[in-house]
Amino acid sequence: SIIEQNQKTLVFFMNQLLPSLFILCVFVQLLPIPNIKTKHNIKLLNIDFTTLFIIFKMILLGNPANSYMIHQLFKEKQISLNQANRLILCISIPSISFMFMTLPYLYNHTIAITIFMIHLFTIFLLLFFTRKTSISINIQLKEISFIQALLFSIKTMALILSYLFVVTSIQSLLLIYFPQFKFIFDLLIEFSSGTYAFIHEQNPLFYLLICIGFGGFCTHLQIISGCDELKLNYI
């Protein structure tokens, strides 16, 4: 059972996630972050315009790649611990490729746009609630080379695939003993494969908002393990 489910996971990863997410990951990493010298902050969110551009890149990348990008900025001492934690905890969203390629393919564009807009609203709502932690980046951010972007993307894909295998194996094992909880597992274990489980539901949007909004334990583990120096509080 575990081997069969991991085979399906590998096929899903190769056919759906890798083609869109890998190229996007490389491309977004290569986008230069402008060093805007103006000291004016966006008071409503208590961030500067450079940080807003970083947030834009995070939204494009999606979880967990956007967290790894912030973790890298922290290791390079370009942002503080509190600033890094604020960005990672507030900006939780699947990649733009998942939102506008995978979801429309499985469902339709209306559902994809609705879920994306709700996520976008939530991100800026959380940034508003956490505005006590100011983020102002005044130093010159280093431009990333193509090789660095490529290595970052390969490492990110490897982490995603490894945790998909681990979580799929655990889920397969649990389903043998607790098949009655399959619906709960689909909602909470892993969001990308979970979206497939609700294709035939009459009202899939309700379940998708729970599944994708929560993000799944798999994504949480990917972020916590990949951002070990940030000491994220899981709860």
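# Helix packing, salt bridges and odd backbone spots

Modeller: In this predicted model, H1 and helix H5 (residues 96-106) pack with their axes 9 Å apart, at an angle of about 150°.

Biologist: Is that pair oblique or roughly antiparallel?

Modeller: Roughly antiparallel, because angles over 145 degrees get that label.

Biologist: And what's the handedness where H1 passes H5?

Modeller: The crossing is right-handed.

Biologist: Which residues meet there, H1 against H5?

Modeller: H1 brings Gln-16, Ser-20, Leu-21 and Leu-24, and they meet Ile-96, Ser-97, Met-101, Thr-102 and Tyr-105 of H5. Sorted by type, the residues of that contact are five nonpolar, four polar and no charged.

Biologist: OK, next pair. At what angle do H3 and H7 pack?

Modeller: About 130°, with the axes of helix H3 (residues 65-75) and helix H7 (residues 146-177) 10 Å apart. That angle makes H3 oblique to H7. The crossing of these two helices is right-handed.

Biologist: Who's touching whom between H3 and H7?

Modeller: On the H3 side you have Ala-65, Tyr-68 and Met-69, and on the H7 side Phe-152, Thr-156 and Leu-159. The contact of H3 with H7 splits into five nonpolar residues, one polar and no charged.

Biologist: Switching to charges. How many salt bridges does the count come to?

Modeller: Two. Side chains of opposite charge can pair when their charged atoms come close. One bridge joins Lys-8 and Glu-4, whose closest N and O atoms are 3.8 Å apart. The other is between Asp-186 and Lys-182, at 2.9 Å from N to O.

Biologist: Where do Lys-8 and Glu-4 sit relative to each other?

Modeller: Both are in helix H1 (residues 2-30), and because they are four residues apart, about one helical turn separates them.

Biologist: How do Asp-186 and Lys-182 sit along the chain?

Modeller: They both belong to helix H8 (residues 182-188), four residues apart, which is about one turn of the helix.

Biologist: Buried or exposed, what's the label for Asp-186?

Modeller: Asp-186 is buried, at 12% relative accessible area. Its partner Lys-182 counts as partly exposed, with 40% relative accessibility.

Biologist: What about accessibility for the other bridge, starting with Lys-8?

Modeller: Lys-8 is partly exposed at 47% relative accessible area. Glu-4 is also partly exposed, with a value of 44%.

Biologist: Let's go to H11. Which of its residues are buried?

Modeller: In helix H11 (residues 216-226), the buried ones are Gly-216, Cys-218, Thr-219, His-220, Gln-222, Ile-223 and Gly-226.

Biologist: And what do the buried residues of H11 pack against?

Modeller: A list of helices: H3, helix H4 (81-90), H7, H8, helix H9 (191-194) and helix H10 (204-214). That list includes H3 and H7 from the oblique pair, and H8, which holds the bridge between Asp-186 and Lys-182.

Biologist: Now the backbone. Which peptide bond is cis?

Modeller: The one from Asn-63 to Pro-64, with omega near -5°. Pro-64 lies in the loop between helix H2 (49-61) and H3. For context, most residues other than glycine have a negative phi, and most peptide bonds are trans.

Biologist: On phi, then: what's the value for Asn-46?

Modeller: About 60°, so a positive phi in a residue that is not a glycine. Asn-46 sits in the loop between S1 and strand S2 (47-48).

Biologist: And what's phi of Lys-231?

Modeller: Near 55°, again positive in a residue other than glycine. Lys-231 is in the segment after H11.

Biologist: Is Lys-231 buried or exposed?

Modeller: Exposed, with 70% relative accessible area.

Biologist: Last one, Pro-34. Where does Pro-34 lie?

Modeller: In the loop between H1 and strand S1 (41-42). Pro-34 is partly exposed, with a relative accessible area of 34%.

Biologist: What is Pro-34 in contact with, leaving aside its neighbours within four places in sequence?

Modeller: Thr-50 and Phe-53.

Biologist: And how far is Pro-34 from Phe-121 in space?

Modeller: The C-alpha to C-alpha distance is 25 Å, and the two residues are 87 apart in sequence.

Definitions and conventions
Residues are numbered from 1 along each chain as its sequence is written. This is a predicted model: local features need pLDDT of at least 70, side-chain atom pairs count only at pLDDT 80 or more; totals for chains, interfaces and linings use all residues. Side-chain values use heavy atoms; hydrogens and water are left out. Axes are lines fitted to C-alpha atoms, for helices over the stretch in contact, and angles run from 0 to 180 degrees between N-to-C directions. Angles under 35 degrees count as roughly parallel, over 145 as roughly antiparallel, 65 to 115 as roughly perpendicular and the rest as oblique. A crossing is left-handed if the near helix is turned anticlockwise from the far one by less than a right angle, and right-handed if clockwise. Contact means heavy atoms within 4.5 Å. Ala, Val, Leu, Ile, Met, Phe, Trp, Tyr, Cys and Pro count as nonpolar, Asp, Glu, Lys and Arg as charged, and the others, Gly among them, as polar. A salt bridge is a side-chain nitrogen of Lys or Arg within 4 Å of a carboxyl oxygen of Asp or Glu. Buried means under 20% relative accessible area, exposed over 50%, partly exposed in between (1.4 Å probe, protein chains only).
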